[in-house]
Structure formats: structure tokens, C-alpha cells
Amino acid sequence: MDIDKIKIVLQKFAKARNWDKFHSPKNLTMALAGEAGELLDIFQWLTEEQSTYKALDEKTMEKVKEELADIFLYLIRLSDKLNIDLEQIAIDKIAINEQKYPVELSKDNAIKYNRRDA
């Protein structure tokens, strides 16, 4: 995946519509939260089993894909506005989580804990 290429496409898209002035980090964050809410709405009343890939119908999957795309694009646009390398911070966060949730303490355990309490 070429996130930089997507950034350029989004920059051109916004520029052509004179939307750059609306794409402040605050506004992009609010839009991102709204899109996350729309994704949440799809799953809100489903059971665990109903929310699986095998159980979702084609129409619902299309809605999920659309909302995921919106979220992804807003994340890229926000990271571009804040000059943040999304790929690097994702890799960094995985490394942090590996330290925060060592296998011996977190395997088969969904309960969040504070390492100092472990």
C-alpha cells in the first residue's frame, strides 16, 4: 500500500473543491468520529455471531466497506495535515503493545490490566 500516493490523491481532491480550508485537524477529527459512529451503528445491535464475516449479508458488507474507507481516508488526511507518518506510528505502537501486553500475561485474557498491577 502506498499511503503517500493516497495522500496526494486526497490533496488533489480537496484542492479541486477548495475544501482544504475546511480540513483542519479539529474538523477532520470530528468527521473521523462521525464515520466511526456510522460503522458502530451497523454493528450496534448484532450479536457476536451476527457480526462475523460469514453472517453478514452482502448489503451490510458494502456498508461496512464504505464506512471503513471513509475512516481510513480521514485518518490519512488527518495524518497528512499533522505531518505524521501513519506507517511508522503503527509500527511503533505495535512495539509498545508488545511490551505492554506480554504473551505470558495477556494470552487468552481480554481483561485490560495495568502492567504495574500484574
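Here are three short exercises with worked solutions on this predicted model.

Residues are numbered from 1 along each chain as its sequence is written. The model is predicted, so to read it fairly, local features need pLDDT of at least 70 and side-chain atom pairs count only at pLDDT 80 or more, while totals for chains, interfaces and linings use all residues, and side-chain values use heavy atoms, without hydrogens and water.

**Exercise 1. Find which residues make up the largest nonpolar core, and which helices supply them.**

Step 1. A nonpolar core is a set of buried Ala, Val, Leu, Ile, Met, Phe, Trp, Tyr and Cys residues joined through side-chain atoms within 4.5 Å. Buried means under 20% relative accessible area, exposed over 50%, and partly exposed in between (1.4 Å probe, protein chains only).

Step 2. Seven residues form the largest core: Leu28, Leu32, Leu39, Ile42, Val64, Ile71 and Leu78.

Step 3. Helix H2 (25-43) and H3 each give two or more residues to this core, and H2 has the largest share, with four. Helices here are DSSP runs (H or I, at least four residues), numbered from the N terminus.

**Exercise 2. Is Arg77 buried or exposed, and what does Arg77 touch?**

Step 1. Locate Arg77 in helix H3.

Step 2. Arg77 is buried because its relative accessible area is 5%.

Step 3. Leaving out residues up to four places away in sequence, Arg77 touches Leu10, Gln11, Ala14, Asp20, His23 and Leu28; contact means heavy atoms within 4.5 Å.

Step 4. From the other side of one of these pairs, Leu28 is in contact with His23, Tyr74, Arg77, Leu78 and Lys81, again leaving aside neighbours within four places.

**Exercise 3. Trace which residues are linked with Arg77 in a network of salt bridges.**

Step 1. A salt bridge is a side-chain nitrogen of Lys or Arg within 4 Å of a carboxyl oxygen of Asp or Glu. The structure holds five salt bridges.

Step 2. Start with Asp80 and Arg77, whose closest N and O atoms are 3.7 Å apart. Both lie in helix H3, three residues apart, about one turn of the helix.

Step 3. Next, take Lys81 and Asp20, whose side chains meet in a salt bridge (2.7 Å, N to O). This pair links distant parts of the chain, 61 residues apart, with Lys81 in helix H3 and Asp20 in the loop between H1 and H2.

Step 4. Check the surroundings: Lys81 is partly exposed at 31% relative accessibility, and Asp20 is partly exposed at 39%.

Step 5. Put together, the network links Asp20, Arg77, Asp80 and Lys81.
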